[in-house]
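This report examines one helix, one interface and the overall form of one chain. The sequence and the structure are shown first.

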Amino acid sequence: MSRPRQLRLPSCLWWIGLGLTLGLLLAIPYLLPLLFPDMKVNPILLRRWLDTLTVACLWAILAMSWDLLGGYAGQISFGHSLFFGLGGYTSAVMSVLFGWSPVLIIALGGLVAAVGGLVVAAPALRLHGPYLSLMTLVAALAFERLMRWAKPQIGIPGAEGAILCIPQCFLTFDATAKYYYALGLMVGMALLLYALTRSRFGLALEAIRDDEEAAQAAGLNTAKYKTLAFGMSAFIAGLSGAFYVYHIGSASPKAVLDLEISVQAIVASVLGGLGTIFGPIFGAFFFKITEEYLRLLGALRFVVLFSLALGVLLLVPGGLLAKLRVQLRRGWQALYTPAGAVRNAQETGELGVGRRR
Amino acid sequence: MKAILELARISKAFGGLQAVRELSFEVRPGEILGFIGPNGAGKTTVFNLIMGVYRPDRGQILFNGQDISGWPPYRIVNAGIARTFQIPRPFRHKTIAQNVEIALIPNEIFRRNPGHKRRARVRECCARTGLCRLWGHEEGSCATAGDSCACWQQSPGSLPQAGLRRLEIAKALATDPALLLLDEPFAGLTQAEVDELSLLLRDLREEGRTLVIVDHNMRGLMKLVDRVVVIHFGQKLAEGTPEEVAENPRVQEAYLAGSAP
């Protein structure tokens, strides 16, 4: 039985799209005042938006790290705020105590979080599905409560376990520079994760996600791969948390350990598309920019935002970016093939529409 | 001749259910062993015990003289035993070729294992098991057609039942096993497909691999296997050539009071 060759979107289109997006992100500090004359008049407004984008970059890193573990390895963590917070508190404590260079301290934040990830992974290997998720959730909660109780007396201690580490942990007053640092870290992590997930390591993780027992039967040491996924994911989440403290100038349970951070990372990943790496970036930017837009609504904005996310989850469960890809592919097929061939290609159950589950 | 695999009085219970009781048998190098029993006799449990999915409560499993009971599955696979599942379990979101490639990934993260070598082996396994022929490619053409072969683009979802069984075997073959355990490889296949698959299995034996084939009846196996082990309620009922076993009254009794197995 012969089947028609499947049509693929030429990969150059994909890279062109990616390059354009990156160009846009690079140009944003200069584009914003051009597009919105308000910002030229009012630098505080520009600064606010650049800060929003900085946070969006950090959230994107967090969401990507979640995607490695949840989207690729299929280990759904509800406690990524633990790794984010470990990185964040490392930043605060180390900058106050030693005052090393931010680069070193942020890297150290990632390492501390990675150790945390490995510690969580050890018992997590015995658990599956909801039990694993619950364990990560409880671990994150436990650490948050620990910090609230311990009230570390370092730097300028705030209420409820907060550490104010200004000026030691303050990166720069230049919002544009800070945005570029965050963007650089995000792009670096995206490239790292992209390479990682397309390597044999990523393939092994996907095999574990699809069917762990079959992966073992294929000779994979699933425990080892899952542990590595936990460590790697925690490392990257820790980097983003460590940077975040350098952005806001303090570490507190509310700012870096709140469970809502975990939820937002998951929502961003799922909004953009699980198991895609680039999807979570899209999701995080969508989330943070919408949040800023809805600022006028005050506390209500989160109600609107999460309702919006619910809507997307219901209507486009595969994620917005994945949906966009499918639409692009359809358009491409319609352009370059007679109608019959398109139908055939769709009927053969082509792959590639989703790396989604 | 020294046995390649030896089960020595292994037992396994799940709660109150004694799934396998004091079971002993051996597999000789280079043979095709039929491992049969009525539904629920414990055949798949025995496979899971050998593969390290379960740990036997008592007894030893020796592979090439080495006790492998209690080893994790991946270690057993890397030692040279592979299995296929009764219900094919492909990695649904990956292509057919990637399904096979997964079995070639080393567990050492930093070991050099260039992609082109893995892919060459994938081609070999896909061609070997006739996966390419399903799309009208000539036998062995995947080896030369490279990535234009449908295996590199199609998901396992596009395979018919017989194709999924072949994929299972291709995945197992990729680990280069000395001993291959096949769990009901003929279930749900037409006679023509059974004959074709039998040819492949004989081929594998010619290569020097040892095969154990599970089935719940012997009809399809009679011509293929050298020896048969019959189990019933987790215990060994009979062992011998297919003819001997078919005439064994205890075996006939086990299969619905006298109807031929």
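In this predicted model, the buried residues of α7(A) pack against four helices of chain A, namely α1 (11-35), α3 (43-72), α8 (200-210) and α10 (222-248). The buried positions of α7(A) are A:Ala175, A:Lys178, A:Tyr179, A:Tyr181, A:Ala182, A:Leu183, A:Leu185, A:Met186, A:Met189, A:Leu193 and A:Thr197. In an α-helix, residues three or four places apart point the same way, because there are 3.6 residues a turn.

Helix α7 of chain A covers residues 175-198, and its 24 residues, at 1.5 Å a residue, should span 34 Å; the C-alpha atoms at its ends are 34 Å apart, so the expected and the computed values agree.

Between the two chains, 28 residues of chain A are in contact with 32 residues of chain B. On the side of chain A that touches chain B, α8, α9 (212-217) and α10 of chain A each give two or more residues. The greatest contribution to that side comes from α8(A), with 7 residues. By class, the residues on that side of chain A comprise 12 nonpolar, 7 polar and 9 charged.

Chain B has 9 helices and 10 strands. Its radius of gyration is close to the value from the globule rule for 261 residues, so chain B is as compact as a globular protein of that length. The table lists values for chain B.

| Property of chain B | Value |
|---|---|
| Radius of gyration | 19 Å |
| Globule rule for 261 residues | 18 Å |
| Span of the C-alpha trace along the principal axes | about 55 × 40 × 35 Å |

Of the 261 residues of chain B, 48% count as buried. Among contacts in chain B between residues at least 6 apart in sequence, 66% join residues at least 24 apart.

Methods:
Residues are numbered from 1 along each chain as its sequence is written. Chains are lettered from A and ligands numbered from 1 in the order in which they are written. This is a predicted model: local features need pLDDT of at least 70, side-chain atom pairs count only at pLDDT 80 or more; totals for chains, interfaces and linings use all residues. The expected span of a helix is 1.5 Å times one less than its number of residues. A residue is buried if 20 or more other C-beta atoms lie within 10 Å of its own, exposed if 12 or fewer, and partly exposed in between; C-beta atoms are placed from the backbone. Two residues are in contact if their C-beta atoms, placed from the backbone, lie within 7 Å. Ala, Val, Leu, Ile, Met, Phe, Trp, Tyr, Cys and Pro count as nonpolar, Asp, Glu, Lys and Arg as charged, and the others, Gly among them, as polar. The radius of gyration is taken over C-alpha atoms; the globule rule is 2.2 Å times the number of residues to the power 0.38.
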